[in-house]
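New to this one? Take a look at the model first, and then we'll walk through a few of its helices and residues.

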Amino acid sequence: MKKSNLDEMQEQALLRIEHTGCWLAFWGLLAAMAIQGILGAGIRELAGEWIVFMGLCLYLLVSCLRCGIWDRTLKANRKTNLIVSLIAGAAVGVFDAVLFLRYDMQWPDLALIAVIPAVITFVLCFAALTVSAAIYKKRREKLDRE
């Protein structure tokens, strides 16, 4: 287990945030799936789940930043943002490549279809993490002064 970067007060705040977020996701996804099932939707229609998931993401992000919490083990720095963004971009690239393999595409086209979303994901993820890290650092400084 990695060393935690959080003090006891931050750990307690993060546990409360995770608890609320997990139950929000559970009941929200259950309700969305039930409603879609009642309306006759198939397994492909995941818009409701996606909306709930994005709501959960926003809740966790805002709550953690408001409490001055980044992560238990990762630090809010450029190196971490770069590594996480590279992983996200690579995952999207591999996912797109596998997804489009079934269309019997040639490798140059397949590589282009995989690389473009991977690069876009990397750039957007890195930008979002950089902005979030800056907000976190400002909030952490303010909380430390109080």
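Let's start with helix α4, where Leu110, Ala114, Ala118, Phe126, Leu129, Ser132, Ala133, Tyr136 and Arg140 are buried. Keep in mind that this is a predicted model. An α-helix has 3.6 residues a turn, so residues three or four places apart point the same way.

How far apart are the end C-alpha atoms of α4? They sit 56 Å from each other, which agrees with the 57 Å that the 39 residues of the helix (residues 107–145) should span at 1.5 Å a residue.

Now pick out three residues and see how covered they are. The cut-offs are simple: under 20% relative accessible area is buried, over 50% is exposed, and partly exposed is in between.

| Residue | Relative accessible area | Class |
|---|---|---|
| Trp23 | 42% | partly exposed |
| Asn81 | 3% | buried |
| Ser132 | 13% | buried |

Asn81 belongs to helix α3 (residues 78–101). Setting aside neighbours within four places in sequence, Asn81 is in contact with Trp70, Phe126, Leu129, Thr130 and Ala133. Of these partners, Phe126, Leu129 and Ala133 are among the buried residues of α4.

Ser132 lies in α4 itself. Again leaving out neighbours within four places in sequence, Ser132 is in contact with Leu61, Leu65 and Trp70. So what do Asn81 and Ser132 both touch? Trp70 is on both contact lists.

Over to the surface: Trp23 is found in helix α1 (residues 8–38). Together with Phe26, Trp27 and Leu30, Trp23 forms a nonpolar patch there, with about 450 Å² of accessible area in total.

Conventions:
Residues numbered from 1 in each chain as written. Predicted model: local features only at pLDDT ≥ 70, side-chain atom pairs only at ≥ 80, totals over all residues. Heavy atoms only, no water. Helix = DSSP H or I, 4+ residues; strand = E, 2+ residues; numbered from the N terminus. Expected span 1.5 Å × (residues − 1). Buried < 20%, exposed > 50% of the residue type's maximum accessible area, 1.4 Å probe, protein only. Patch = residues over 30% accessible without salt bridge, like charges linked within 9 Å, V, L, I, M, F, W, Y side chains within 5 Å. Areas by Shrake-Rupley, 256 points an atom, 1.4 Å probe, with all protein chains shown as cover. Salt bridge = Lys/Arg side-chain N within 4 Å of Asp/Glu carboxyl O. Contact = heavy atoms within 4.5 Å.
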